[in-house]
Amino acid sequence: MDGTKIRSALSMMDERGSGEGAGYAVYGAFPEFADYYAIHVFFDAVHESKAAVDRELGNWGTVVHEEEVPTYENRNIRKVHTPWRYFFKPDPSLMPRSETPEDDIVMHLVMKINTTIPGALVYASGKNVAIFKASGWPEDVADFYRIQDYSGYIWLAHNRYPTNTPGWWGGAHPFNLLGWSVVHNGEITSYGTNRRFIESYGYRCTMYTDTEVVAYLFDLLVRRHGLSPEMAVKALAPPFWDDIDRMDKKERTLYTAIRLAYGSAMMNGPFAIVVAQRDGIVGFTDRIKLRPLVCGTAGSRLYISSEEAAIRTMEPGLEEVFMPRAGEPVIGRLGK
Amino acid sequence: MTIGSVPVRFRITVDGSRCMLCGRCVENCPYDVFRKESDTIHVNSRKCVACHRCIAMCPRDAISIKERPVDYRSHPVWTEEARESIYNQARTGKIILAGMGNAKPYPVIFDSLVLDACQVTNPSIDPLREPMELRTYIGKKPGRLEFRDDGDCQSLVTTLAPNLELATPIMVGHMSYGAISLNAQKSIAMAVRESGTFMGTGEGGLHPSLYPFQDHVIVQVASGRFGVDINYLERGAAIEIKIGQGAKPGIGGHLPGEKVCEDVSSTRMIPVGSDAISPAPHHDIYSIEDLKQLVRSLKEATEWKKPVFVKIAAVHNSAAIAAGIARSSADAVVIDGFRGGTGAAPRVFRDHVGIPIEAAVASVDAKLRSQGIRNEVSIIASGGIRESADVAKVIALGADAVYIGTAALVAMGCRVCGTCYRGLCPWGIATQRPDLVARLDPEVASRNVANLIHAWTLELSELMGAAGINSIESLRGNRDRLRGYLLDESIMRVLDVKPVGA
């Protein structure tokens, strides 16, 4: 799939935004560099900060290719950052005690660059995944990057109505860390708890917005703690105690354990979230579904959106449309 | 007559036009303030402690109490309290005793913290219409879960350590039988059982009449080891090792022999009439590794079925101590702030040693998180929790649950006169004198305490709902939902909260 349809689907929902932030993620964007981490950086001024970023990357591995992300002049978008992408191979011998040294090196680099190099913000760091985001209306951001020139097997898109950090490119969704990309509608009232929890595992929240913790939480729970995506969703939006009390013993023990171990990871407040990684996507809402989420299927394709109209724009011949219950994950896995 | 009489603390007047000479004030005052002669009530104001029992019992509202009717000559440095203490010690040459908690006018940090509410960008949640979860588990939590892949699904490998399940994060702290009456303990026990929460025994043993409530009782092991045997340990829902107490950090306890009646003596396992003196340190704990041994011995004795708590007073390095406790196999650390009450403490300790609970909880939570061991222990905050807002704030600073002490006593009638150490509590709470104890009806008093816990729980639900939070876990450590109002920058850094407007 190229980016044409997702552009028109997101434009359907312009009234959900304010023209101050939109973004897209596409998995499978860089087949020729599929084995390299695609480190995306916003530079305030390339000549000021890039040397420091180059140096950090050089300390930890090899950059096999780099380029300014191609953009096309658009009168509605002021190019306040220069987007750049590196294709990077970390040197695993530099992180000897880790079970996943390459991911850990990249995570370390993201946290380090974002907290110590002024004027540089790493906004994506996964393999074979491209992120396009800026301040503007969805169709303008799409045209600015010409997303129709990219194609892939998973697309995420998001239209923002910012309240906390308007006009800041880093604040637009999707948020990405390693393979994880997140789009989020809502506000996380448990952010303070979640942030303190995730920061005690070495993550650093640098984007001034609540959504980034979701990417970090998935990275921790799934990659580092080995939970399945279903279990991770159950940790982030667990069943109520009243429901747990009615379960059979085995399930009750399981969900009690999840709530005890990961109580600080649980997310509160209204949200609908879609998280993608290289082999699939998962969509879910908060425990009382304070934000909409609708799904549709057609053939082997799964669509998840805030609005059915957006799905029908992409796929007029939908076979099934359904609305998941509060807290229930909807999972799409990549076919073999 | 070198010093002479000092200005009377309270002046009592009985309005003759209202008084009907019923004599209830005479009967009710254990301090012998009132005397009835022919058709007049005579008053000795100097004996009054302002416990307000007479005021509560007077059917005609005839009694009034005025504080400091004749004041000391004012002076900004030589306060009345300073001078009075000097006169007192010049006469006696002794340590001054005091009851209740810290009575110095230090600023209360809780009162400079404000809570958050949701509007527009996210909805507040109505607890009357939506589920609101206050259930709290106290004990060790796994740092991560291990799963085994069973084909399609994952099954859990991790086993959970025993935890106490609380219906609300409000427990009643440790007040021993001896310090308070059996009726007071029974009232609390009935209330916590009804409220789905727990109470502490204090270091006074477990009286057989509390056995029916033992599933809601945390038994305490303190430095005197009073009342401790295997029966006691096995009956408790959890065991708490008391190292320190907020009202008197660094020193032990002292129950005067007059309070050690037959029943107290058998519950504490000490001779009748003997002073029960708990040493300052545990004589088998001279280092953190000794504490670990005691924690593990208690667990071994009870077959690792019960959570073990360790209670410390909030002092300058409580965060480091808590980090040590978290590594000792203990399941919870109780931090008792310097406003924590007591039956009797040297005034100089009560008023000058220790730090406020707000700062202690914030620093302990931050330290445990920075070391990645926050899940190893629950944090129970106590000492100066006066209302549901304090509960919400201290949980937002990082506590899992609170102990209340004084608040529960106030719910039973206590007027916070601070004279507990004399053993004459006219409300039947901090006394062992049978006629005074009989004044406290456990049926009534337990209802009051249960009402208080219920009311605070409702208020806590409403506060959480307004903040867009439907589970207590999401309030815990959520300091982003607090703001400091006219707190100085250094204390806001310790609390890790922003100022109002930021």
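Begin by selecting strand S12 (residues 294–298) of chain A together with S14(A): 3 bridges join these two strands, which run antiparallel. The model on display is predicted. Within this pair, A:Gly296 stands opposite A:Val321 in S14(A). Next, add S13(A) to the selection, and an open sheet of 3 strands appears in the order S13-S12-S14, with antiparallel pairing. Its edges are strand S13 (301–305) and strand S14 (320–322) of chain A, each of which pairs on one side only. On average, neighbouring strands of this sheet are turned by 15 degrees against each other, direction ignored.

Stay in chain A for a second sheet. Select S8, S9, S10, S11 and S15 of chain A, which form an open sheet of 5 strands in the order S8-S9-S10-S11-S15, paired in antiparallel fashion. Strand S8 (175–177) and strand S15 (330–333) are the edge strands, and each pairs on one side only. From one strand to the next, the twist averages 15 degrees. For a closer view, keep strand S10 (residues 271–277) and strand S11 (residues 280–285) of chain A, which run antiparallel and are joined by 6 bridges. Here A:Ile273 stands opposite A:Phe284 in S11(A).

Turn now to a pair of helices in chain A. Select helix H6 (residues 212–224) and helix H7 (residues 229–236) of chain A: they pack at an angle of about 130 degrees, and their axes are 9 Å apart. Because of that angle, H6(A) is oblique to H7(A). The crossing in which H6(A) passes H7(A) is right-handed. Show the side chains of A:Leu217, A:Phe218, A:Leu221 and A:Val222 in H6(A), which meet A:Pro229, A:Ala232, A:Ala235 and A:Leu236 in H7(A). By class, this contact has 8 nonpolar, no polar and no charged residues.

The next stop is the contact between the two chains. Display both chains: 34 residues from chain A and 37 residues from chain B take part in the contact. On the side of chain A that touches chain B, the elements giving two or more residues are helix H5 (191–199), helix H8 (241–245) and helix H9 (249–261) of chain A. Colour H9(A) separately, as this helix provides the largest share of that side, 7 residues. Sorted by class, the side of chain A that touches chain B has 14 nonpolar, 16 polar and 4 charged residues.

Move to chain B and colour its two domains, domain 1 (10–94) and domain 2 (167–477). Their centres, taken over C-alpha atoms, are separated by 32 Å. The contact between them takes 9 residues from domain 1 of chain B and 7 residues from domain 2 of chain B. On the side of domain 1 that touches domain 2, the residues divide into 6 nonpolar, 2 polar and 1 charged.

Finish with two helices of chain B. Select helix H8 (residues 318–326) and helix H10 (residues 357–370) of chain B, whose axes come within 8 Å and cross at roughly 50 degrees. H8(B) is therefore oblique to H10(B), and their crossing is right-handed. The residues to show in H8(B) are B:Ser318, B:Ala319, B:Ala320, B:Ala322, B:Ala323 and B:Ala326, while H10(B) contributes B:Ala360, B:Ser363, B:Val364, B:Lys367 and B:Leu368 to the contact. By class, the contact of H8(B) with H10(B) has 8 nonpolar, 2 polar and 1 charged residues.

Methods: Residues are numbered from 1 along each chain as its sequence is written. Chains are lettered from A and ligands numbered from 1 in the order in which they are written. This is a predicted model: local features need pLDDT of at least 70, side-chain atom pairs count only at pLDDT 80 or more; totals for chains, interfaces and linings use all residues. Two strands pair if DSSP finds at least two bridges between them. Helices (H or I, at least four residues) and strands (E, at least two) are DSSP runs, numbered from the N terminus. Axes are lines fitted to C-alpha atoms, for helices over the stretch in contact, and angles run from 0 to 180 degrees between N-to-C directions. Angles under 35 degrees count as roughly parallel, over 145 as roughly antiparallel, 65 to 115 as roughly perpendicular and the rest as oblique. A crossing is left-handed if the near helix is turned anticlockwise from the far one by less than a right angle, and right-handed if clockwise. Ala, Val, Leu, Ile, Met, Phe, Trp, Tyr, Cys and Pro count as nonpolar, Asp, Glu, Lys and Arg as charged, and the others, Gly among them, as polar. Domain bounds come from an automatic or database domain assignment.
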